[in-house]
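Q: Could you take a close look at one helix in this predicted model for me? I would like to know which way its residues face and what lies around them.

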Amino acid sequence: MHFSCVSSHATPLQVIGKDTRGIGTMVEAAHFIGEGRDVVLCMNDVVGNSAIANEMLSEQAARDINRGRLYLADIAKRSRVRIFRGIPEAVREVIRKIDVKQNSGGSTHTHTHSHTYHYDAGVRQRQRSH
């Protein structure tokens, strides 16, 4: 498992980039959305004939991977979860949600997990171990 603890009061930032299959992160994001969690989602499609984990993806493989992203996007849309294309915009949304929680007396504890970035009272890069 590649994340420690995500409290029920957290605002998870899920990043599913074009440089990863992102299957685990997509499942995790769908789970959080299904639980009704306050999720921030940043997602981009993979591109055919590009390399992921030192493996060249065919056009068909890219379409198959992106189909999973379409299913997640559909779940997000039905649950009114906005999908961001850029990480900076998604991080700003997490910060905005934290500010709203702080101003409304909600929980200020935030711990999030993503493929490449980790947000925990500040922004820093973190590589996920594979």
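A: **A close look at α2**

Happily! In this predicted model, the buried residues of α2 are Ala 62, Ile 65, Asn 66, Arg 69, Leu 72 and Ala 76. Looking down the helix axis, these buried residues fall within an arc of 105 degrees, so they line one face of α2. The face turned away from that buried side carries Leu 70, Tyr 71 and Arg 78, which are exposed.

The length of the helix can be checked too. With 20 residues at 1.5 Å a residue, α2 should span 28 Å, and this agrees with its end C-alpha atoms, which are 28 Å apart. After α2 comes Arg 80, with a positive phi near 60 degrees.

Now for what lies against the helix. The cover over the buried residues of α2 includes β1 (13–16), α1, β2 and β5 (83–84). Two of the buried residues, Leu 72 and Ala 76, also belong to the largest nonpolar core, which has eleven residues; its other members are Ile 16, Met 26, Ala 29, Phe 32, Ile 33, Val 39, Leu 41, Met 43 and Val 81. Two or more residues of this core come from each of α1 (23–34), β2 (40–43) and α2 (59–78). The most comes from α1, which gives four residues.

Ile 33 is a good place to see how the parts meet. Beyond its neighbours within four places in sequence, Ile 33 is in contact with Val 39, Leu 72, Ile 75, Ala 76, Ser 79 and Val 81. Another core lies apart from the largest one; it has nine residues, including Leu 13, Val 15, Phe 84 and Ala 90.

Phe 32, a member of the largest core, has a charged neighbour: Arg 37 lies over the face of its ring, at 4.6 Å from the ring centre. As for aromatic pairs, the structure holds zero.

It may help to set α2 beside helix α3 (residues 87–103). The 17 residues of α3 should span 24 Å at 1.5 Å a residue, and its end C-alpha atoms are 24 Å apart, which agrees. Its buried residues are Ala 90, Val 91, Glu 93, Val 94, Lys 97, Ile 98 and Lys 101. Viewed down the axis of α3, they fall within an arc of 155 degrees, so they too line one face of their helix. Arg 92 and Asn 103 are exposed on the other side of α3. Following α3 is Gly 105, where phi is positive, near 80 degrees.

Notes: Residues numbered from 1 in each chain as written. Predicted model: local features only at pLDDT ≥ 70, side-chain atom pairs only at ≥ 80, totals over all residues. Heavy atoms only, no water. Phe/Tyr/Trp six-rings, centres within 6.5 Å; stacked < 30°, edge-to-face > 60°. Lys NZ or Arg CZ within 6 Å of the ring centre and 35° of its normal. Core = buried A, V, L, I, M, F, W, Y, C linked by side-chain atoms within 4.5 Å. Buried < 20%, exposed > 50% of the residue type's maximum accessible area, 1.4 Å probe, protein only. Contact = heavy atoms within 4.5 Å. Expected span 1.5 Å × (residues − 1). Arc of directions from axis to C-beta.
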